[in-house]
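User: Could you teach me how to read a ligand site and a nonpolar core, one feature at a time?

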Amino acid sequence: MDLDFTAAEDAFRAEARDWLAAHIPASPLPSLETAEGFAAHRAWERTLSADRWSVVSWPARHGGRDASILQWLIFEEEYFAAGAPGRVSQNGINLLAPTLFEHGTPEQCGRILPAMASGEVIWAQAWSEPESGSDLASLRSTATRTADGWLLNGQKAWSSRAAFADRAFGLFRSDPDADRPHRGLTYLMFPLDADGVTVRPVGRLDGKPAFAELFLDDVFVPDADVIGEPGCGWQAAMSTAGNERGLTLRSPGRFTAAAERLTALWRAEAGPDDTTLRDRVADAVIRSRAYQLFTYANASRIAAGGSIGAESSLNKVFWSELDIGLHETALDLLGPRGELSDEAADAPAEGGWADGYIFSLAGPIYAGTNEIQRDIIAERLLGLPKGRRS
Amino acid sequence: MKFLLDDEQAEFGRTLDRMLTSAGAPAAVRAWGGGDTGPGRALWKRIADAGVFALAVPEEYEGMGPLPVELAVSFIELGRHAVPGPLVETVAAAVLLGGPAECLDTSAAQRWLPRLASGQAMASLAMPAGGPYALDMDTADVTFVVGQGETELHTASGHGTVQPSIDPARRLAVPHIAGGVPLVSGADVGAATRTAADWAAFATAAQALGVGLALVERTVAYAKQRTQFSTTIGAFQAVKHRLADALIGLEFARPLVHGAAVALAGKSPDAGAEVAAAKVAAGDAAYAAARTALQLHGAIGYTAEYDLSLWIRKARALRSAWGSPSACRARVLAAPGG
Ligand SMILES: Cc1cc2nc3c(=O)[nH]c(=O)nc-3n(C[C@H](O)[C@H](O)[C@H](O)COP(=O)(O)OP(=O)(O)OC[C@H]3O[C@@H](n4cnc5c(N)ncnc54)[C@H](O)[C@@H]3O)c2cc1C
């Protein structure tokens, strides 16, 4: 058991660090949840991909670097430590791409992945519906067969960044007579500016308008944009969900970097005499380190040919609670300034805590609520009996 | 990087688990708490024969160590089986006498280390970093004492009143120094003491993690068979979610314990902070597991005759031993690496 990086890994880290230092925008980009910020972040994706840093773990032929899982973790650590911008392409990169690698045709991969890597096409996830959140398999939007494709009808909800994104991927009921709710679903992709699509932006808790509802009225999708077999969408979707909760959605670099910023804030603002805040800062440091080491152990397991299954639910609950704890502690540390928005004149220069806090509040809700994750942990990892759910 | 136990290390843990299961550790714990240390000493010998104490003793003194990763594996099992006695103290004493032997007087090392490694001697230990008490001094064969100022190492000459702990299998006493044998003095004692204190906190963290794992395992088994309202209580979501949270706490403490082992093995300048982080996380997780275990067992969990009590009370005691949560948190932030 060791935590030593190879010379090649150290070199990869140094290369990433140097590149980031030379290319990170001089002043922070506007929020990617606004129209202006979305455009700026799209340009940043282009900069990243020009030197093949946007999707390091992908094969080189799709714009990646064939990076190992450990190299990917290293890249992410450097990325967050450097304070680089948020990733507007993350739905596509973290959710759609792994599904295409597993279930997509070579034609789909060749057509979709490079444009995703460069930020030319930004993807939104259209899974949830007003009546179907946790119980996703109860979804009602339909895909109806036509001569050379499908017609989509229904309504999707809570789609992150869909107000400004280009295309969406989602699940639709294609066989209303299937015997079980999660059978007869088809996974497909559609343009957000297609005829019949209405995008209604919805302000998030912070009022930012990139979140959206989608209304679909006879939207045509060609067969080429079905992922996997028609009727077998659930299976493809679930491999995506595993990715979302598991390693790829929240790499530890994000939290170790935030814990370091929090420690610096504590030194500047509080000092060692306030032991209550000190203990909370220490907990944030300890928990981000735990998450990092837990991830190294998982990465080692994957590198040795193993896999992570229901364990990804442990991850999801842990990082979402850690994220809130980090941000709450920072706001409490700031005393009266803790209520200031990041745009306020007196907000700390090393800012982002208020925005980060608002965003962290959603962590226990999206990517499968933490209650659903706790069910999975109890039933699949501890072997407790299934409850009434499904 | 390979941050995983290798096959041999994992098998070592399984072997200890099998041995401790067949030895019927709970009976030895109860006897120990009642003042009959015979079964506990017999168990101690088997643990020593399996090589556990040798892991902390350098090779030149008939040990195999120091091997902190293997030690973590062992102490998790010792905690899982609630093994009584000054386990942590014996390991820390071995580190104190053996690690910096280059700067300390080797005669004490020569005299004691082979006996600690083989299980012939059970050592207790008191150092300023661990508070005024030594564990199980009335049973231990020797108690080492580091005086205030950390410049002198003695053996104790005796002890004050033996005081019960929240965990009936632990007894605490203040050692007497006057009349004890002085072993070493000088500035180097300080460095050796700090290293030994790190190992004590580390072994305590691993032991606490094991205690927490046992609590969850036992509670899961209970929740699968206890029926109320015509259903097994393990099917109730409120029950499931408490157990899921207990597991999350433990599974994220585990890599910190392993990380501390790697830091100690590499003599990293951050080792103290890594150990402190592991102690906080494992202590908190084990304690939360104890609260959950008690709640989900209901009244039977609150009875001393039911074995669960052995772990519930140990979880609380280990939180305070060898570094309080607050002291460890301060240590985490005082680290060179931040
Ligand atoms: C910031 C944000 C971004 C999002 N982005 C996207 C996106 O891009 N694309 C997309 O498709 N969706 C997205 N979502 C939606 C998200 O996936 C859903 O919110 C989530 O699945 C929960 O569904 P719901 O909101 O309908 O809550 P509900 O399912 O109605 O749940 C309400 C409450 O009941 C609890 N509950 C429900 N069922 C159970 C059960 N069996 N046991 C115990 N408790 C239960 C839940 O845990 C929750 O606390 C996003 C959500 C947020 C907040």
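User: Which elements of chain A each supply at least two residues of the shell around the ligand?

Analyst: Helices (H or I, at least four residues) and strands (E, at least two) are DSSP runs, numbered from the N terminus. Here, β3 (149-159) and α11 (370-381) of chain A each supply at least two shell residues. The largest share, three residues, comes from α11(A). Before we go on: this is a predicted model, where local features need pLDDT of at least 70 and side-chain atom pairs count only at pLDDT 80 or more, while totals for chains, interfaces and linings use all residues. Residues are numbered from 1 along each chain as its sequence is written, chains are lettered from A and ligands numbered from 1 in the order in which they are written, and side-chain values use heavy atoms, with hydrogens and water left out.

User: Where does the ligand lie, and which residues come nearest?

Analyst: A residue is near a molecule if one of its heavy atoms lies within 4 Å of it. The ligand sits between chains A and B. Of the 18 residues around the ligand, the nearest are A:Ser134, A:Trp158, A:Thr369, A:Glu371 and B:Gln237.

User: Which polar backbone atoms should I look at beside the ligand?

Analyst: A polar contact is a pair of N or O atoms within 3.5 Å; within protein, one must be able to donate a hydrogen and the other to accept it, and residues adjacent in sequence count only if both atoms are side-chain atoms. A ligand nitrogen is 2.8 Å from a polar backbone atom of A:Gln125. Ligand oxygen atoms are involved too: one is 3.0 Å from a backbone N or O of A:Trp127, and one is 2.7 Å from a polar backbone atom of A:Ser128. The protein covers 68% of the 970 Å² of accessible area (Shrake-Rupley, 1.4 Å probe) that the ligand has on its own.

User: Now the core: which residues touch the most other members?

Analyst: A nonpolar core is a set of buried (under 20% relative accessible area, 1.4 Å probe, protein chains only) Ala, Val, Leu, Ile, Met, Phe, Trp, Tyr and Cys residues joined through side-chain atoms within 4.5 Å. In the largest core, of 173 residues, they are B:Ile47, B:Phe75, B:Phe144, B:Phe202, B:Leu215, B:Leu243 and B:Val257. Helix α7 (residues 188-225) of chain B gives this core its largest share, 21 residues. Another core, of 26 residues, lies apart from it and includes A:Ile93 and A:Met116.

Notes
Buried < 20%, exposed > 50% of the residue type's maximum accessible area, 1.4 Å probe, protein only.
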